[in-house]
Amino acid sequence: MIMWENIEQEYEHNFNKYDESTVTQFGFPYDYGSVMHYSSYGFSTNGEPTIMPLYVYLDDIGQRDGFSATDVDKLDAMYC
């Protein structure tokens, strides 16, 4: 769930939702651990979360340590 009230106004566009005609998951499940995923507090204006996972409870989403396994699988699907 996107917590719009916690997002800096100039960054709200970063949370736009796109349909399958614009983006694809390449048949892989949603990846909260992707290197491309914002953290729970990305672009927060008040130190409160901007993203709360709907279906799983995770303390930390997104990361900057390297590609997740699903990131690698998607890259293979896209470019190999």
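Begin with the aromatic rings, of which the structure holds 6 pairs; rings of Phe, Tyr and Trp (its six-membered ring) are paired when their centres lie within 6.5 Å, and planes under 30 degrees apart count as stacked, over 60 as edge-to-face and the rest as tilted. This is a predicted model, in which local features need pLDDT of at least 70 and side-chain atom pairs count only at pLDDT 80 or more, while totals for chains, interfaces and linings use all residues. Residues are numbered from 1 along each chain as its sequence is written, and side-chain values use heavy atoms, with hydrogens and water left out.

Select Phe15 and Tyr38, which form a tilted aromatic pair, 5.5 Å centre to centre with 50 degrees between the planes. Both residues lie in the segment before helix 1 (69-79), so the pair ties together parts that are 23 residues apart in sequence; helices (H or I, at least four residues) and strands (E, at least two) are DSSP runs, numbered from the N terminus. Phe15 is buried, with a relative accessible area of 8%, whereas Tyr38 counts as partly exposed at 28% relative accessibility. For these words, buried means under 20% relative accessible area, exposed over 50%, and partly exposed in between (1.4 Å probe, protein chains only).

Keep Phe15 selected and add Phe43: these two rings form an edge-to-face pair, 6.0 Å centre to centre, with 85 degrees between the planes. Phe15 and Phe43 both lie in the segment before helix 1, so this pair ties together parts that are 28 residues apart in sequence. Phe43 is partly exposed, at 26% relative accessibility. To see the wider group, select Trp4, Tyr11, Phe15, Tyr38 and Phe43, which ring pairs link into a cluster.

Next, select Thr50, which lies in the segment before helix 1 and is buried, with a relative accessible area of 0%. Leaving aside residues up to four places away in sequence, Thr50 touches several residues, including Phe15, Phe43, Met1, Ile7 and Tyr41, where contact means heavy atoms within 4.5 Å.

Finally, turn to the surface and select Met1, Met52, Leu54, Tyr55, Val56 and Leu58, which make a nonpolar patch of about 640 Å². Patches are made of residues with over 30% relative accessible area and no salt bridge, like charges being joined within 9 Å and nonpolar side chains (Val, Leu, Ile, Met, Phe, Trp, Tyr) within 5 Å; a salt bridge is a side-chain nitrogen of Lys or Arg within 4 Å of a carboxyl oxygen of Asp or Glu. Leu58 lies in the segment before helix 1 and is partly exposed, with a relative accessible area of 34%.

Definitions and conventions
Areas by Shrake-Rupley, 256 points an atom, 1.4 Å probe, with all protein chains shown as cover.
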